[in-house]
Amino acid sequence: MTRSKAALAAALFLLSGFAAQASDPRMTGKDIVETAVAAGSFKTLVTAVQAAGLVETLQGDGPFTVFAPSDDAFAKLPAGTVEMLLKPENKDKLVAILTYHVVPGRVPAKAVMNKTTWADTANGEKLYINGLGNQVFVGSGPGAGNLPMVVQANVWADNGVIHVVDEVIMPPVM
């Protein structure tokens with residue numbers, strides 16, 4: 001093969017990779033943060049991510065799996081909790097809570113259906129995932145009472161996936 005034919009073959013190979021990437025439904029043109037902002041139902045989460053200084057992290061390469069509490073989930077917390085966590089002096093607590101919602105890697109719902117497992121979170125604690133039955137529940141463990149439920153799965157972003165949960169997930173060490 002001549003040098004020019006090899007270069008052309010390499011260029012076509014690279015271009016075919018870009019075409020495959022563009023047709024991948026998970027490639028949205030938005031990162032985790034942009035996807036959350038565009039959804040419109042994560043205003044509290046986005047505000048908390050900003051206050052915690054985690055925007056750049058969640059806009060990084062990832063991939064990340066985020067169990068994202070909706071605004072309705074944050075509203076279930078006791079009155080004043082969100083305001084208290086957003087104060088600069090509580091940044092460490094806020095970071096601990098938010099990073100407990102993040103699992104390194106892209107974990108689609110089908111990967112946890114019909115099984116129970118533990119996942120390492122970005123804050124170093126384990127997150128229990130129960131995918132038995134037709135729903136996925138997540139939390140600090142099977143004996144932790146009612147676990148938050150995934151109410152919408154597989155919201156794709158270029159650097160990961162979001163699973164919407166109906167409650168804020170509290171780390172076991174809080």
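Me: Against which elements do the buried residues of helix 7 pack?

Reply: In this predicted model, the buried residues of helix 7 pack against helix 3 (43-52), helix 6 (81-85) and strand 2. Helix 7 covers residues 91-99, and its buried residues are Leu94, Ile97, Leu98 and Thr99. A general idea helps in reading such a list. An α-helix has 3.6 residues a turn, so residues three or four places apart point the same way.

Me: Strand 2 belongs to a sheet. What is the order of the strands in the open sheet of 4 strands?

Reply: The general idea comes first. Strands of a sheet pair through backbone hydrogen bonds, and the pairing is either parallel or antiparallel. In this structure, the open sheet of 4 strands follows the order 2-1-7-6, and its pairing is mixed. Strand 2 (102-104) and strand 6 stand at the edges with a single partner strand each, so one side of each has no neighbour in the sheet. On average, neighbouring strands of this sheet are turned by 15° against each other, direction ignored.

Me: How many bridges join strand 6 to strand 7, and in which direction do these strands run?

Reply: Strand 6 and strand 7 (residues 160-165) run antiparallel and are joined by 5 bridges. Two partnerships illustrate the pairing: Val150 has Val165 as its bridge partner in strand 7, and Val155 has Ile162. The two strands are connected by a hairpin through 2 residues.

Me: Which helix lies across strand 6 and strand 7?

Reply: Helix 2 (residues 32-39) lies across strand 1 (64-69), strand 6 and strand 7. Its direction makes an angle of about 40° with strand 7.

Me: Let us take one residue of strand 6. Is Gln152 buried or exposed?

Reply: A general idea about strands is useful here. In a regular strand the side chains alternate between the two faces of the sheet. Gln152, located in strand 6 (residues 150-157), is partly exposed, because its relative accessible area is 44%.

Me: Which residues does Gln152 touch, not counting residues up to four places away in sequence?

Reply: With those sequence neighbours left out, Gln152 touches Ile162, His163 and Val164. Separation in sequence and separation in space may also be set side by side: Gln152 and Phe67 are 85 residues apart in sequence, while their C-alpha atoms are 9.9 Å apart in space.

Me: What is the strand order in the open sheet of 3 strands?

Reply: The order is 3-4-5, and the pairing is antiparallel. Strand 3 (116-120) and strand 5 (137-139) are the edge strands, each pairing on one side only. From one strand to the next, the twist averages 25°. Strand 3 and strand 4 (residues 126-130) run antiparallel and are joined by 5 bridges; within this pairing, Asp120 stands opposite Lys126 in strand 4.

Me: How many aromatic pairs are counted?

Reply: The count comes to 1 aromatic pair. The rings of Trp118 and Tyr128 have centres 5.2 Å apart and planes at 55°, so this pair is tilted. Trp118 lies in strand 3 and Tyr128 in strand 4, 10 residues apart, and the pair thus links distant parts of the chain. In general, a pair of aromatic rings is described by the distance of the centres and the angle of the planes.

Me: Which term, buried or partly exposed, applies to Trp118, and which to Tyr128?

Reply: The cut-off decides: buried means under 20% relative accessible area. Trp118 counts as partly exposed because its relative accessibility is 44%. Tyr128, with a relative accessible area of 9%, is buried.

Conventions. Residues are numbered from 1 along each chain as its sequence is written. This is a predicted model: local features need pLDDT of at least 70, side-chain atom pairs count only at pLDDT 80 or more; totals for chains, interfaces and linings use all residues. Side-chain values use heavy atoms; hydrogens and water are left out. Buried means under 20% relative accessible area, exposed over 50%, partly exposed in between (1.4 Å probe, protein chains only). Contact means heavy atoms within 4.5 Å. Two strands pair if DSSP finds at least two bridges between them. Axes are lines fitted to C-alpha atoms, for helices over the stretch in contact, and angles run from 0 to 180 degrees between N-to-C directions. Rings of Phe, Tyr and Trp (its six-membered ring) pair if their centres lie within 6.5 Å; planes under 30 degrees apart count as stacked, over 60 as edge-to-face and the rest as tilted.
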